[in-house]
Amino acid sequence: MRKDEGFALNNERNETLLALHGVEKYYPITSGVFRRQIGTVKAVDGIDLAVKRGETLGLVGESGCGKSTLGRVILRLEEPTAGQIIFAGENLQEARSQQLHQLRKRMQVIFQDPYSSLNPRQTIGRTIGEGLIIHKIGLPAERREKVLHLMEIVGLRSEHVNRYPHEFSGGQRQRIGIARALALQPEFIICDEPLSALDVSIQAQVINLLEDLQDQYHLTYLFISHDLSVVRHISDRVAVMYAGQLVEMAPKDELYEHPYHPYTQTLLQAVPIADPEAAKKRKEPAKIVKDSLSIPSGCKFSSLCPISSSDCMKEAPVFREASRGHWVRCLHAELD
């Protein structure tokens, strides 16, 4: 077991719905006629994580840090390069076809783009009920009744069941995606930036809907977003991701009020504030590395970090517990 792996095991097994141990997803970089490998993109690089039943874990970070890739790996839409994914006590890597088929009923996803995630050639009734057909749940009349009930739950009019996606607004399309995710009565839903394509006023409605559904159906969420304000509102805990690794994780108020990692501090400094005078006093946020090949071999944030030392360039920090429930990956973070 790696030094930073143990934190994911601290929760009682009956409290933990999802546990990740050393999960990696690497992509080869090839060049030339013979497609010779010249490098590797470490999109997900040794993630250890535990998600408790009934909680919302917010996952934040810059675009390209690996958030969505991690979500796809958890669902096995992409196969991990290494590591273990344990869902409800079952190892997803060891699950055979039929077992995985059954487990997938309990794990669903709400996609980022409500425009491209819906089949334009299918009615929304067919889209919402497709999972019921695939898993052979109920008779046709029962499925239709279920679809109409789901539409009512998410705030859609049942008489629109035979309409097509292009006849709906962006907010309505996202509600269709939510209804589709609920159709198989899952325990766990990955919300992959479900608000980024929506207007601000519509975002608030969708957030309220997700919270109501969580209370009603005892759902567990992994909420992926780059919007720190939204994440603070909806999450119980927040994990910060940089260059494929978790760099900090804590209860939401603790993380926002006492961020330890310099990268987390940089993200919070970039959040707009209404007071112009207070905005002038804030430090300029650091620029973020976009070239995966230029990331240092030690601490991945060391080339941008204001408190880095020569040790940071050489030694990769481990995830350590700064205070109860507050984890940080930094050699020099000021700990209480």
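This note goes through a predicted model, taking its confidence, its sheet and its empty spaces in turn.

1. Confidence. The mean pLDDT of the chain is 88, and 89% of the residues score at least 70. Residues 1-13 need care in reading, since their pLDDT is below 50. That stretch has 28 contacts in the model beyond near neighbours in sequence.

2. The sheet. An open sheet is built from 8 strands, and its order is β6-β7-β8-β3-β9-β10-β12-β11. The pairing is mixed. In general, strands of a sheet pair through backbone hydrogen bonds, and they do so either parallel or antiparallel.

3. The edges of the sheet. Which strands stand at the edges? They are β6, residues 107-110, and β11, residues 320-323. Each has a single partner strand, so one side of each is left without a neighbour in the sheet. From one strand to the next, the twist averages 25°.

4. One strand pair and a helix. Strand β9 covers residues 237-242 and strand β10 covers residues 245-251. The two run antiparallel and are joined by 6 bridges. One residue pair to look up is Val238, whose bridge partner in β10 is Ala250. Helix α9, residues 262-269, lies across β9 and β10. The helix runs at about 105° to β9.

5. The cavity. Rolling a probe the size of a water molecule over the atoms shows where empty space is left. How many cavities of 30 Å³ or more does the structure hold? It holds 1. The largest cavity has a volume of about 40 Å³. Its lining consists of His261, Cys299, Cys305, Ile307, Cys312 and Cys330. By class, the lining of this largest cavity has 5 nonpolar residues, 1 polar residue and no charged ones.

6. The second largest pocket. This pocket has a volume of about 500 Å³. It is lined by 18 residues. Those nearest its centre are Arg104, Met107, Gln108, Val109 and Leu184. Two or more lining residues come from each of α2 (97-103), β6, α3 (124-134) and α5 (170-182). Which element gives the largest share of this lining? Helix α3 does, with 4 residues. The lining of the second largest pocket divides into 9 nonpolar, 6 polar and 3 charged residues.

7. A link between points. Strand β6 appears twice in this note: it stands at an edge of the sheet, and it is among the elements that give two or more residues to the lining of the second largest pocket.

Notes:
Residues numbered from 1 in each chain as written. Predicted model: local features only at pLDDT ≥ 70, side-chain atom pairs only at ≥ 80, totals over all residues. Heavy atoms only, no water. Pairing = 2+ DSSP bridges. Axes fitted to C-alpha atoms, helices over the stretch in contact; angles between N-to-C directions. Contact = heavy atoms within 4.5 Å. pLDDT = per-residue confidence, 0-100. 1 Å grid on protein atoms, 1.4 Å probe; cavity = no way out; pocket = protein on both sides within 12 Å on 5 of 7 lines; lining within 4 Å. Points joined across faces, edges and corners; volume = space filled by probe spheres on them. Nonpolar A, V, L, I, M, F, W, Y, C, P; charged D, E, K, R; others polar.
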